[in-house]
Amino acid sequence: MDQVNIFKNFVSSGNLRLDTLLKFTAEIDKMTQVLRRNLLVDGSRRENDAEHSWHISVMALLFKEFAVEKVDPLHAVEMLLVHDLVEIYAGDTFAYDVDGYKTKAEREKRAADKLFSMLPEEQREYIRKLWEEFDSRSSPDARYADCLDKMQPFLHNMLTEGHTWKATDIRTVRAQVEQRMSVLKDFMPEIHRWAVSCMDHAVASGWLREQ
C-alpha cells in the first residue's frame, strides 16, 4: 500500500503536530501486513508483526515473577510495542536465517532512520531510545522483553507441531533452537527448564531435528 493511497482521504486538523502524529499512527498500521514465519496457535494462518507485538506486550504483564531481576513490566511493554516497528520497511528476518542476519542490523537501522524521522523531535528520540534499549539488551527490562520475544514464537511452534521448524527451506536443528532460547537460562531459569522439556518432546515427536 503506497503513501498516496493511505493519506488520500486524510483531513488536516489544522495543527501540524497533531497531523504528524495522526499520519505516523496510520503509517504503523503497515505492521499488520508484515507476516512472520510462525502460525497463529490455531494453525489457521501466519501471524503478523502487530499481533506478535500485542501478544508479547500482554505477556510482559504476566511473567515478571519468573525473572531473577526486578523488572518494570510497563517499561518492557513500551519496548515491546516499538521493537518491530522497523520491520515495516526492513521486513521480518526469520530467526534461523543466517544469511538474513548478516544484513539485519543495517537494514533495520536504515528503517529506523526513515520511520522515526516522521515524528516530532522529542517523540522521535523517545521512541528511538526504546528501540535501541531493546536492541542492545542493556537493561533488566530489555532482557526481560527479549526473553518474551523468544518465548512467544517458541510457544507457537510447540502448539503447531513445530510448524516453522519443519516447514522451511532453512533446516532447523535443536542446537539452533537451544541457542535462541539460551537468553532465558540465567534470566528466567524456570521457563528455560520448561523450554528444554519442550525441545525434548519436539525431537521425540519429529518436529525438530536433533542434528
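A residue counts as buried when its relative accessible area is under 20%, as exposed when that area is over 50%, and as partly exposed in between. With this scale in hand, the predicted model shown above can be explored piece by piece. Asp113 makes a good starting point: with a relative accessible area of 35%, Asp113 is partly exposed.

Asp113 has a charged partner. Its side chain forms a salt bridge with Lys109, and the closest N and O atoms of the pair are 3.4 Å apart. Lys109 is likewise partly exposed, with a relative accessible area of 42%. The two residues sit 4 places apart in helix 6 (residues 98-116), so about one helical turn separates them. This pair also belongs to a wider arrangement, since a network of salt bridges links Lys109, Asp113, Arg128 and Glu132. In general, side chains of opposite charge can pair when their charged atoms come close. Across the whole model, the count of salt bridges comes to 17.

Helix 6 has a packing partner in helix 7 (residues 121-136), and the axes of the two are 10 Å apart, at an angle of about 155°. An angle over 145 degrees counts as roughly antiparallel, and helix 6 and helix 7 are therefore roughly antiparallel to each other. The crossing of helix 6 past helix 7 is right-handed. On the helix 6 side, the contact is made by Glu108, Lys109, Ala112, Asp113 and Phe116, while helix 7 contributes Arg124, Ile127, Arg128 and Trp131. Lys109, Asp113 and Arg128 thus appear both in this contact and in the salt-bridge network.

Beyond helix 7 comes a loop that leads to helix 8, and Arg137 is found there. What is unusual about the backbone of Arg137, given that it is not a glycine? Its phi is positive, at about 50°. For comparison, most residues other than glycine have a negative phi. Arg137 also forms a salt bridge with Asp135, with the closest N and O atoms 3.7 Å apart. Both partners are partly exposed: Arg137 has a relative accessible area of 24%, and Asp135 has 41%. A second residue with a positive phi, of about 55°, is Glu161, again not a glycine. Glu161 lies in the loop between helix 8 and helix 9 (163-166), and with a relative accessible area of 45% it is partly exposed.

Attention now turns to the interior. The largest nonpolar core holds 48 residues, of which Phe116, Tyr144, Phe154, Trp165, Val177 and Met188 touch the most other members. Helix 8 (residues 140-159) supplies the largest share of this core, with 8 residues. In soluble globular proteins, nonpolar side chains tend to be buried together. Val177 gives a closer view of such surroundings: leaving aside neighbours within four places in sequence, Val177 is in contact with Tyr96, Phe154, Trp165, Thr172, Met199 and Leu208. Phe154 and Trp165, two of these contacts, are also among the core members that touch the most others.

Val177 takes part in helix packing as well. The axes of helix 10 and helix 12 (residues 189-204) come within 11 Å and cross at roughly 165°. Helix 10 and helix 12 are therefore roughly antiparallel to each other, and helix 10 passes helix 12 in a right-handed crossing. Arg174, Val177, Glu178 and Met181 make the contact from helix 10, and they meet His192, Ala195, Val196, Met199, Asp200 and Val203 of helix 12.

Two of the helix 10 residues in this contact, Arg174 and Glu178, are joined by a salt bridge, with an N to O distance of 2.8 Å. Both lie in helix 10 (residues 174-181), 4 residues apart, or about one turn of the helix. Is Arg174 buried or exposed? At 9% relative accessibility, Arg174 counts as buried, whereas Glu178, at 35%, counts as partly exposed.

Helix 12 packs against helix 8 too, with the axes 11 Å apart at an angle of about 30°. That makes helix 8 roughly parallel to helix 12, and the crossing of helix 8 past helix 12 is left-handed. From helix 8, Met151, Phe154, Leu155 and Met158 meet Ile191, Trp194, Ala195, Cys198, Met199, His201 and Ala202 of helix 12. Ala195 and Met199 therefore face two partners in turn, as they are listed in the contact with helix 8 and in the contact with helix 10.

How values were computed. Residues numbered from 1 in each chain as written. Predicted model: local features only at pLDDT ≥ 70, side-chain atom pairs only at ≥ 80, totals over all residues. Heavy atoms only, no water. Core = buried A, V, L, I, M, F, W, Y, C linked by side-chain atoms within 4.5 Å. Buried < 20%, exposed > 50% of the residue type's maximum accessible area, 1.4 Å probe, protein only. Contact = heavy atoms within 4.5 Å. Salt bridge = Lys/Arg side-chain N within 4 Å of Asp/Glu carboxyl O. Axes fitted to C-alpha atoms, helices over the stretch in contact; angles between N-to-C directions. Parallel < 35°, antiparallel > 145°, perpendicular 65-115°, else oblique. Left-handed = near helix turned anticlockwise from the far one by under 90°.
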